[in-house]
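These are my notes on the model you sent, set out as numbered points. They begin with one residue and its surroundings and then widen to the chain as a whole.

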Amino acid sequence: MLRFGILSTAKIGRDLVVPAIQDAENCVVTAVASRDIAKARAMADRFGAPHAFGSYEDMLASDLIDAVYIPLPTSQHVEWSIKAADAGKHVLCEKPIALKASDIDQVIAARDRNKVLVSEAYMVTYTPVWHKVRELLQAGAVGRLRHVQGVFTYFNRDPGNMRNVPELGGGGLPDIGVYPAITTRFATGQEPLRVQAVTERDPEFGTDIYSSVKADFGDFEMSFYISTQMANRQSMVFHGTEGFIEVRSPFNADRWGAEELELSNRSHTESQIFRFQDSRQYKREAEAFARAAQGEAQEIVTLENSKANQAFIDAIYRASDKDGWEPV
């Protein structure tokens, strides 16, 4: 069993990832750390973890854990990923692992010098629905892929929420823009060459709250929009010469709706629905990470993949400040 320590008592850990780790077959939560020992102890007790630490440093120095899960604010991901790696721990870090692609180089260096596993927590890449999308595209189910269309929106104007605080790494592109990017790259195996974009910022918060993006992948085009201040919506469509694939609830299937996709033929007279019941994407993520950390061959999100995905996001920001194409 891979023994996890949880670095902070953040909501995503409490509500989604820690229960998934405890449910996994090959890993377990052994410790929780917080700058408030009472919070650490309360969360540890809630999940049956035997150890609680009143500082992150103390937990990293402990031989009671093999790996850490980091759900800290985005602005702290690089720092603590490096500290955890330097402590000899494997690292599963929430997305985005960095706010600039170049910042990931120092995490790669820490991974390599300590010979540990460091992976960004893109749970979508472990789900059956996205593996099925990739399989169908590779099999030519839609013919020649011409266009990918995506949307991910929600409404949140809470000034205390880290997503609305620039200093903590808030903003729509870091929070949700990364999902259309990673899933398109995962499913197609292709990389964007150049982008055009329009981005709007909140006049009070200063965070980006809306982006409309056009990306050139060479063999196909992609268009998507994201927003943190629009009615909730999620969808991804892969449209080709012979048909199209629509992925419903593509990013938060466990909370949004059924995890399924529909493959329609060219004349829209026939369709197939592929539904995956209770795939528990966070559990799959934890199990895959644990297998990889223990030396088994396993497809995970590498830091090199993370750097390529962040380069896509970086280019969107640059393109938003100009009129025309921006290379990725």
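1. In this predicted model, Phe4 is in contact, once its neighbours within four places in sequence are left aside, with Ile21, Cys27, Val28, Val29, Thr30, Ala31, Ile65, Ala67, Val68, Tyr69, Leu92 and Phe289.

2. Phe4 also stands out within the largest nonpolar core, which has 75 residues, since Phe4, Trp130, Phe238 and Ile245 are the members that touch the most others. Helix α7, covering residues 172–188, supplies the largest share of this core, with eight residues. Apart from this core lies another, made up of 27 residues, which include Ile70, Leu72, Ala84 and Val91.

3. One member of that other core, Ala84, is also among the buried residues of α4, together with His77, Val78, Trp80, Ser81, Ile82 and Ala85. The helix, which runs over residues 77–86, is mostly covered, with seven of its ten residues buried. What do the buried residues of α4 pack against? Their partners are the strands β1 (2–7), β4, β5 (90–93) and β6 (118–120), along with the helices α3 and α5 (104–114). Just after α4, Gly88 adopts a positive phi of about 80 degrees.

4. Ser62 deserves a separate look, and it sits in the loop that joins α3 (56–60) to β4 (67–70). Is Ser62 buried or exposed? Its relative accessibility is 11%, and because the cut-off for buried is under 20%, Ser62 counts as buried. Leaving aside neighbours within four places in sequence, Ser62 is in contact with Phe53 and Lys89.

5. Turning to the whole protein, there are ten helices and 15 strands. The radius of gyration is 20 Å, close to the 20 Å that the globule rule gives for 328 residues, so the protein is as compact as a globular protein of that length. Taken along the principal axes, the C-alpha atoms fill a box of roughly 60 × 45 × 35 Å.

6. Buried residues make up 56% of the 328 residues, and, of the contacts with a separation of 6 or more, 66% are between residues 24 or more positions apart.

7. On the surface and the charges, the accessible surface comes to about 13,700 Å², and carbon and sulfur atoms account for 47% of that area. The protein carries 36 positive and 45 negative charges, and the mean positions of the two sets are 1 Å apart.

Terms used:
Residues are numbered from 1 along each chain as its sequence is written. This is a predicted model: local features need pLDDT of at least 70, side-chain atom pairs count only at pLDDT 80 or more; totals for chains, interfaces and linings use all residues. Side-chain values use heavy atoms; hydrogens and water are left out. A nonpolar core is a set of buried Ala, Val, Leu, Ile, Met, Phe, Trp, Tyr and Cys residues joined through side-chain atoms within 4.5 Å. Buried means under 20% relative accessible area, exposed over 50%, partly exposed in between (1.4 Å probe, protein chains only). Helices (H or I, at least four residues) and strands (E, at least two) are DSSP runs, numbered from the N terminus. Contact means heavy atoms within 4.5 Å. The radius of gyration is taken over C-alpha atoms; the globule rule is 2.2 Å times the number of residues to the power 0.38. Accessible areas come from the Shrake-Rupley method with a 1.4 Å probe; for residues, only the protein chains shown count as cover. Lys and Arg count as positive and Asp and Glu as negative; His and the chain ends are not counted. The place of a charge is taken as NZ of Lys, CZ of Arg, CG of Asp or CD of Glu.
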